[in-house]
Every structure is written in structure tokens, then in C-alpha cells.
Amino acid sequence: DGSLEVVVGTGALGASDDGMRATEIGVLPSDIAFAPDGALLFSQSQPEPAVRRVDPETGVVTTILR
């Protein structure tokens, strides 16, 4: 239907600490994938390169690789 839903990031750089909700972190995600458990995995190039995970139940972000 042409609608868009933001699931990771605010669209601007800002706070991006582990433990924050995915829709509140200030990152610029580049690639996404889904893990077998339903978690959303994403890579980011800014504010620093990392691979991160969004918990499918809580929406909380944790860093997997920096």
C-alpha cells in the first residue's frame, strides 16, 4: 500500500547505547537480516561501524560486533 514503518534508528545521528529501543537510537543502518529466532540484525556505518541485534520481544538493541 506504499506505507513505510521505521523499525531501526531515528534518521539522525545521536545516542546509540546498548539497551536502548531500536526506534530511539541515533544510527544510520545500512544492511538488515533476520536471525533464526526472529531477531532483526543490522549493520551500521555511523556513528561507528557495528553489527547489532534487535530483540524481537522487547525491541532493545545490543551490539554483536564492533
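Show the solvent-accessible surface of this predicted model: the chain exposes about 4,300 Å², and carbon and sulfur atoms supply 55% of that area. Colouring by burial then brings out the interior, since buried residues make up 29% of the 66 residues in the chain.

Next, switch to a C-alpha trace and align the view with the principal axes, along which the trace spans about 35 × 25 × 20 Å. In a cartoon representation, the secondary structure comes to four strands and zero helices, and the elements run β-β-β-β from the N terminus on. The radius of gyration of the chain is 11 Å, close to the 11 Å that the globule rule gives for 66 residues, so the chain is as compact as a globular protein of that length. If you compute a contact map, take the contacts between residues at least 6 apart in sequence: among these, 23% join residues at least 24 apart.

**The sheet**

Select the four strands together, and you have an open sheet in the order β1-β2-β3-β4, with antiparallel pairing. The edges are held by β1 (28-34) and β4 (61-65), each of which has a single partner strand, so one side of each is left without a neighbour in the sheet. Looking across the sheet, you can follow a twist that averages 30° from one strand to the next. Strands of a sheet pair through backbone hydrogen bonds, either parallel or antiparallel, and it is therefore useful to display the backbone atoms for the next steps.

Start with β1 and β2 (residues 40-46), which pair in the antiparallel sense over six bridges; as one example, P29 stands opposite Q44 in β2. These two strands form a hairpin with five residues between them, and in its turn G38 has a positive phi of about 95°. Most residues other than glycine have a negative phi, and most peptide bonds are trans.

Move on to β2 and β3, which run antiparallel and are joined by five bridges. Select L41 to find its bridge partner in β3, R53. A hairpin of three residues connects β2 to β3, and the loop between these strands is the place of P47. Zoom in on the peptide bond from Q46 to P47, which is cis, with omega near 10°.

The last pair is β3 (residues 50-54) with β4, antiparallel strands joined by four bridges. Here R52 has T63 in β4 as its bridge partner.

**The interior**

Which residues form the largest nonpolar core? Select V8, M20, A22, I25, V27, L40, F42, V54 and V61, the nine residues of that core. Centre next on L40 and show its surroundings: leaving aside neighbours within four places in sequence, L40 is in contact with V7, V8, I32, A33, F34, R52, R53 and V54.

Finish at S16, which lies in the segment before β1. Is S16 buried or exposed? With a relative accessible area of 15%, S16 is buried, because that value falls under the 20% cut-off for burial. Displaying its contacts, and not counting residues up to four places away in sequence, you will find that S16 touches I25, G26, V27, P47 and R52. Two of these have already appeared on the tour in other settings: P47 follows the cis peptide bond from Q46, and R52 is the bridge partner of T63.

Technical notes: Residues numbered from 1 in each chain as written. Predicted model: local features only at pLDDT ≥ 70, side-chain atom pairs only at ≥ 80, totals over all residues. Heavy atoms only, no water. Pairing = 2+ DSSP bridges. Axes fitted to C-alpha atoms, helices over the stretch in contact; angles between N-to-C directions. Rg over C-alpha atoms; globule rule 2.2 N^0.38 Å. Buried < 20%, exposed > 50% of the residue type's maximum accessible area, 1.4 Å probe, protein only. Contact = heavy atoms within 4.5 Å. Areas by Shrake-Rupley, 256 points an atom, 1.4 Å probe, with all protein chains shown as cover. Core = buried A, V, L, I, M, F, W, Y, C linked by side-chain atoms within 4.5 Å.
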